[in-house]
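Got the viewer open? Load the model, switch to cartoon view, and keep the selection box handy while we walk through a few stops.

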Amino acid sequence: MKKILTLSLLFVISLMASAQMVDPVKFTSTLKTGNTAEGEIVFTGKIDKGWHVYSTNLGSDGPIEATFNVVKLDGVELVGGLKPRGNEISQFDEMFGMKLRYFENNVTFVQKVKFTKPDYSIDCYLNYGACNDQMCMPPTDVNFKKSGKSPAVTGADEKKDEAKAEEEKPAEEVAADTAAVAPVVADSTVVDANSDLWAPVVDKMKEANAGDDLASHGLLSIFLMGLLGGLLALVMPCIWPIIPMTVSFFLKRAKDDKKKGIKDAVTYGISIVVIYLTLGILVTAIAGPSKLNELSTNAYFNIFLFGLLVVFALSFFGWFEIKLPDSWANKVDTKASSTTGLLSIFLMAFTLVLVSFSCTAPIIGLLLVETVTSGNWVSPTIGMLGFALALAVPFTLFALFPSWLKSAPRSGSWMTTIKVVLGFVELAFALKFFSVADLAYGWHLLDREVFLSLWIAIFLFLGLYLIGVLKFQEDEVGGDINKPMPVVCIMGGLVSIAFAIYMVPGLWGAPCKAVSAFAPPINTQDFNLNTKVVEAKYTNYDEGMAAAKASGKPVFVDFTGFGCVNCRKMEAAVWTDPTVADKLTKDYVLISLFVDDKTPLAEPMEVEFNGQKRTLRTIGDKWSFLQASKFGANAQPYYVCLDNEGNPLGGSFSYKEDIPGFKEFLDNCLKNYKK
């Protein structure tokens with residue numbers, strides 16, 4: 001049994017790393033020709049689930065649209081503009097205030113061409129943008145180069161026909177052809193590959209991010225949440241009364257051999273850990289990292305989680321009981337009685353798991369829901385490890401030291417109170433997951449003020465329950481319904497009512513930092529008195545770094561995009577918080593680098609990254625290359641703090657509307673800078 005536990009822990013430890021580079025779209029390109037003087041340059045893309053690629057002609061105020069760009073054409077001319085093919089989805093986007101068109105799963109872009117000489121040479125590229133619900137890719141190029149003999153082009157007669165056709169072509173069509181070509185000219189900025197400020201720090205970022213995952217806001221917080229869930233499950237009505245029976249069983253076995261009794265008690269505890277840990281590993285292994293990340297942003301899955309948590313809450317309120325078939329527990333219990341050795345101990349632990357299902361299922365359900373949607377695919381295993389330890393250790397200790405049972409509280413109505421309180425908590429968490437679906441589909445059923453109103457009501461009623469004003473049917477079973485509530489409950493009720501009052505100013509736009517990680521972004525609120533906006537003073541990396549060195553301040557680098565939806569959400573929901581805004585504007589030099597800036601460089605630049613050559617044509621290409629080569633990341637938003645030499649002051653931060661977490665990130669960077 002110890003070997004199984006050790007192997008399980010090794011499995012968990014081996015999964016701690018997570019990649020920063022993403023490649024959600026794979027494009028291929030080809031030139032299709034026939035027996036005529038016309039052909040098609042075809043770009044075919046396969047899109048990962050959860051991602052989408054934007055269509056053509058969205059306008060300058062929208063996200064990154066697909067465009068066809070010419071580097072050099074000889075012996076060939078364009079016919080019309082770039083045309084998308086596939087199942088185009090059209091949906092109104094509140095952030096951009098316009099209808100966006102995009103493709104999921106697969107897409108094809110076609111540019112028609114006409115050959116004008118016997119020999120041709122084509123050097124061009126497709127530029128496109130891709131996003132999911134959490135991040136966006138920088139503008140990405142798909143290069144196409146080809147030369148050869150032109151089909152069906154024989155000489156001067158056809159050239160005359162082409163010249164005549166050009167003269168007769170309508171003005172609108174000529175304009176469309178001209179717009180399809182994006183010439184590469186302008187700007188004097190260059191990439192200083194020898195500058196220390198551009199030196200790669202990928203390994204340092206990996207170390208810092210690995211440390212962050214194990215910090216309070218990462219896997220450690222998941223483990224502690226599991227630990228708390230296990231302790232709450234321990235005092236449920238279907239687990240706490242089992243402890244004395246379990247202790248008496250081990251006392252009988254230890255009557256003749258004390259060492260054997262200790263061994264059996266420890267084995268029982270390890271068995272509980274293995275059973276629950278196996279559940280967490282199964283969830284992780286079956287779904288896998290990509291599936292869990294996909295589910296965390298899937299609207300249908302979040303609606304399912306919302307319904308599941310509501311059902312769990314109603315069961316804790318006493319409307320019904322979630323139970324496994326009694327025959328399952330009876331069969332396992334019979335098998336445990338008829339066997340001996342370690343197997344009988346393991347089957348006893350399994351019987352406990354089955355019998356206590358009605359109490360543990362809602363808690364385990366909430367825990368797994370939180371871990372699956374946390375963005376870290378190891379979380380279910382870590383959470384279940386914490387839950388199992390909290391449940392197993394008390395059983396083991398009471399079996400080893402039975403005299404402690406005399407000082408343990410007896411079963412009573414206090415257990416019912418804990419169940420009802422957990423029901424309110426699950427109801428509050430359920431709204432968080434409905435909010436994800438509401439934001440994804442733009443239903444506007446749960447905007448920020450509606451969400452806060454419901455939370456105010458939930459925690460107000462929780463407070464009224466704890467001080468004895470509100471009663472449930474479950475309370476009649478627990479004892480005297482008119483019995484005064486204990487002091488601890490009354491104090492908890494006052495705290496819950498105070499929390500409800502604290503959220504009231506949020507209805508008018510107050511940040512309400514304590515709930516910012518759960519509530520919808522503040523830009524969904526119809527009436528908002530908080531209009532503070534934070535903007536970067538510098539949009540050039542080298543200039544901003546020089547200014548920071550002169551002023552003796554650390555640097556906050558914001559890799560963003562004009563068409564990045566989640567970048568705007570972070571700026572509206574997190575940056576506008578007064579304390580965050582003060583830190584960004586007073587304690588840091590803020591640099592915003594737009595990876596979709598189409599301002600051309602003076603001349604294209606050839607760079608090499610990961611063994612592949614890449615052509616930098618625009619300012620956005622330059623900042624995209626900086627992000628990938630220096631930090632090993634390519635999605636936006638992406639935030640990193642640097643000292644005046646270009647070294648990271650901590651890990652990175654991406655899309656997460658968590659004001660306390662973002663503030664902690666800034667504070668840690670400042671602390672490291674002062675060192």
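Start by selecting Gly39 and Val113: Gly39 stands opposite Val113 in β8. Before going on, a word on what you're looking at: this is a predicted model, where local features need pLDDT of at least 70, side-chain atom pairs count only at pLDDT 80 or more, and totals for chains, interfaces and linings use all residues. Residues are numbered from 1 along each chain as its sequence is written, and side-chain values use heavy atoms, with hydrogens and water left out.

**Stop 1: around β8**

Now widen the selection to 106-115, which is strand β8. Strands here are DSSP runs (E, at least two residues), helices are runs of H or I with at least four, and both are numbered from the N terminus. Seven of the ten residues of β8 are buried, so the strand is largely enclosed by the rest of the structure. Buried means under 20% relative accessible area, exposed means over 50%, and partly exposed is in between (1.4 Å probe, protein chains only).

Add β2 to the view: nine bridges join β2 to β8, and the two run antiparallel. Two strands count as paired if DSSP finds at least two bridges between them. Then add β5, which pairs with β8 over seven bridges, also in the antiparallel sense. To find that pairing, pick Lys83, whose bridge partner in β8 is Val110.

**Stop 2: salt bridges on the strands**

How many salt bridges does the structure hold? There are nine, each being a side-chain nitrogen of Lys or Arg within 4 Å of a carboxyl oxygen of Asp or Glu. Show the side chains of Glu40 and Arg85, which meet in one of them at 3.2 Å, N to O. Glu40 lies in strand β2 (residues 38-47) and Arg85 in strand β5 (residues 76-85), so the pair ties together parts that are 45 residues apart in sequence. Arg85 counts as partly exposed, at 41% relative accessibility.

Next, select Glu88 and Arg101; their closest N and O atoms are 3.0 Å apart, in another salt bridge. Glu88 sits in the loop between β5 and β6 (89-93), while Arg101 belongs to strand β7 (residues 98-103), 13 residues apart. Glu88 is partly exposed at 34% relative accessibility, and Arg101 is partly exposed at 22%.

**Stop 3: a three-strand sheet and a disulfide**

Color β4, β9 and β11. They form an open sheet in the order β4-β9-β11, with antiparallel pairing. β4 (67-74) and β11 (140-149) stand at the edges with a single partner strand each, so one side of each is left without a neighbour in the sheet. From one strand to the next, the twist averages 15° (axes are lines fitted to C-alpha atoms, for helices over the stretch in contact, and angles run from 0 to 180 degrees between N-to-C directions). Ten bridges join β9 (residues 119-128) to β11; to see one of the pairs, click Tyr128, whose partner in β11 is Thr140.

Now show Cys131 and Cys136 as sticks. A disulfide joins them, S to S 2.1 Å, and by the rule used here (a pair of cysteine sulfur atoms within 2.5 Å) the count comes to one. The link is right-handed, with 105° about the S-S bond. Buried or exposed, for Cys131 and Cys136? Both are buried.

**Stop 4: a surface patch**

Switch on the surface and select Leu389, Val393, Leu397, Phe401 and Trp404. Together they form a nonpolar patch with about 410 Å² of accessible area. Patches take residues with over 30% relative accessible area and no salt bridge, joining like charges within 9 Å and nonpolar side chains (Val, Leu, Ile, Met, Phe, Trp, Tyr) within 5 Å; areas come from the Shrake-Rupley method with a 1.4 Å probe, and for residues only the protein chains shown count as cover. Zoom in on Phe401, in the loop between α12 (379-400) and α13 (413-441). Phe401 is partly exposed, at 39% relative accessibility.

**Stop 5: β13 and one last salt bridge**

Finish with 589-594, strand β13, where six of the six residues are buried. Val589, Ile591 and Leu593 cover one side and Leu590, Ser592 and Phe594 the other, all of them buried. Six bridges join β12 (residues 555-560) to β13, and these two run parallel. Thr560 has Phe594 as its bridge partner in β13.

Last pick: Asp667 and Lys583, whose side chains meet in a salt bridge at 2.8 Å, N to O. Asp667 lies in helix α21 (residues 659-674) and Lys583 in helix α19 (residues 578-587), so the pair ties together parts that are 84 residues apart in sequence. Asp667 is partly exposed at 29% relative accessibility, whereas Lys583 counts as buried at 18%.
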